[in-house]
Amino acid sequence: MTQSENIYISRIRNKHVRKRDDEYPFTIPVIRNLKEFSFDKSVTYIVGANGSGKSTLLEAIAVLLRLNPEGGSRNFNFKTVETHSLLFKDLVMSRADLTYKDAFFFRAESYYNVASEIDRLSEEDISLLKYYGGKSIHERSHGEGFMALINNRIRGKGIYIFDEPEAALSFDNQLAFLCWMKIAIQAGAQIIIATHSPVILSYPDACIYEIEDDNLKKKKYEETEIYRSTYSFILNRELYLHKMGLI
Ligand SMILES: Nc1ncnc2c1ncn2[C@@H]1O[C@H](COP(=O)(O)OP(=O)(O)OP(=O)(O)O)[C@@H](O)[C@H]1O
Ligand SMILES: [Mg+2]
């Protein structure tokens with residue numbers, strides 16, 4: 001089945017001019033080298049090692065969409081710590097289609113604060129809770145809360161940004177997340193995800209950018225480090241453990 005792609009954000013260009021004394025975030029090699037990258041599928045993944053710059057990039061995209069850098073929708077104005085970078089000021093976002101109605105930024109590290117903000121907002125407007133399954137996210141486990149959050153967040157055309165959704169999810173719920181993606185895409189969603197999970201990364205016909213040699217490179221699923229390392233580990237677990245001196 002062929003389906004047209006949902007592309008609201010089509011391109012990001014970095015207009016920063018490199019300087020010798022650049023500070024964070026331009027000290028991060030991939031950000032320093034970034035010129036532009038395009039979105040040409042409903043699903044775009046950004047993968048790479050710890051500290052390679054995925055969250056910095058996603059956060060800047062979220063801020064450009066006027067979302068709270070700590071997570072949530074445009075209505076979420078809470079701020080716990082001022083840590084987000086000023087990268088967004090140097091990024092130029094091209095929008096191919098302005099008809100999207102919803103945008104949400106899910107990030108593992110501030111999920112707790114997002115749940116608290118939903119509680120606070122629903123004290124002001126109890127009807128809001130119906131979007132989150134009828135009860136406080138805090139009254140659910142991490143994974144249950146996350147699934148309630150996304151299952152109640154399919155609102156047609158929208159941009160959904162996820163930073164490590166797997167942090168909350170069991171293997172089965174990672175599969176359920178892939179099914180959520182399909183329903184959301186059919187409803188008109190563009191989805192951007194940073195992940196370390198080979199399961200979350202497996203959505204078919206997606207665009208995968210891997211941070212490699214300090215640049216964003218387009219990869220096929222089977223070419224990614226996540227896929228190759230996980231595959232190799234499962235096949236050679238004892239060899240890995242032996243090499244690390246654990247057995
Ligand atoms: N507020 C900050 N000030 C200075 N450096 C920072 C700040 N936040 C992050 N960094 C640095 O920027 C780099 C990229 O961090 P980032 O969080 O974007 O990585 P990541 O790819 O998301 O990693 P992970 O897979 O661990 O989530 C890291 O080296 C990190 O130490
Ligand atoms: Mg990160």
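These questions and answers walk through the sheets, the core and the ligand site of a predicted model.

Trainee: In what order do the strands of the open sheet of 6 strands stand?
Mentor: The pairing in this sheet is mixed. Its edge strands are E5 (102-107) and E9 (215-219), and each pairs on one side only. From one strand to the next, the twist averages 15°. The order is E5-E6-E7-E3-E8-E9.

Trainee: Which residue of E6 is the bridge partner of Phe 105?
Mentor: Start with the two strands. E5 pairs with strand E6, residues 158-163, in the parallel sense over 6 bridges. Within E6, the partner of Phe 105 is Ile 161.

Trainee: Which residues have the most contacts inside the largest nonpolar core?
Mentor: That core has 59 residues. Take Ile 161: leaving out residues up to four places away in sequence, it touches Leu 58, Ile 61, Ala 62, Phe 105, Phe 106 and Ile 192. Phe 105 is also its bridge partner. The residues with the most contacts inside the core are Ile 161 and Ile 191.

Trainee: How many residues of strand E7 are buried?
Mentor: Check both faces. On one side, Ala 189, Ile 191 and Ile 193 are buried; on the other, Gln 190, Ile 192 and Ala 194 are buried. In a regular strand, side chains alternate between the two faces of the sheet. Strand E7 (residues 189-194) is largely enclosed by the rest of the structure, because the buried count is 6 of the 6 residues.

Trainee: Which residue of E7 stands opposite Ile 46?
Mentor: E7 has parallel bridges to two strands we can name. With E6 there are 6 bridges, and there Ile 159 has Gln 190 as its partner. With strand E3 (residues 43-47) there are 4 bridges. Opposite Ile 46 stands Ala 194.

Trainee: Why is one side of E2 and of E4 left without a neighbour in the sheet?
Mentor: Look at the open sheet of 3 strands, with antiparallel pairing and the order E2-E1-E4. The twist averages 15° from one strand to the next. Strand E2 (36-38) and strand E4 (91-95) stand at the edges, so one side of each lacks a neighbour because each has a single partner strand.

Trainee: Which residue of E2 stands opposite Arg 13?
Mentor: E1 and E2 pair in the antiparallel sense over 3 bridges. Toward E4, Arg 13 faces Val 92. Toward E2, Arg 13 stands opposite Glu 36.

Trainee: Which residue is the bridge partner of Ile 9 in E4?
Mentor: Strands of a sheet pair through backbone hydrogen bonds, either parallel or antiparallel. Strand E1 (residues 9-14) and E4 take the antiparallel sense, over 5 bridges. The partner of Ile 9 in E4 is Arg 95.

Trainee: How many residues of the shell around ligand 1 are polar?
Mentor: The shell holds 11 residues. The closest are Asn 50, Gly 51, Lys 54, Ser 55 and Thr 56. By type, 2 are nonpolar and 1 is charged; the polar residues number 8.

Notes
Residues are numbered from 1 along each chain as its sequence is written. Chains are lettered from A and ligands numbered from 1 in the order in which they are written. This is a predicted model: local features need pLDDT of at least 70, side-chain atom pairs count only at pLDDT 80 or more; totals for chains, interfaces and linings use all residues. A residue is near a molecule or strand if its C-beta atom, placed from the backbone, lies within 6 Å of it. Ala, Val, Leu, Ile, Met, Phe, Trp, Tyr, Cys and Pro count as nonpolar, Asp, Glu, Lys and Arg as charged, and the others, Gly among them, as polar. Two strands pair if DSSP finds at least two bridges between them. Axes are lines fitted to C-alpha atoms, for helices over the stretch in contact, and angles run from 0 to 180 degrees between N-to-C directions. A nonpolar core is a set of buried Ala, Val, Leu, Ile, Met, Phe, Trp, Tyr and Cys residues joined through C-beta atoms within 7 Å. A residue is buried if 20 or more other C-beta atoms lie within 10 Å of its own, exposed if 12 or fewer, and partly exposed in between; C-beta atoms are placed from the backbone. Two residues are in contact if their C-beta atoms, placed from the backbone, lie within 7 Å.
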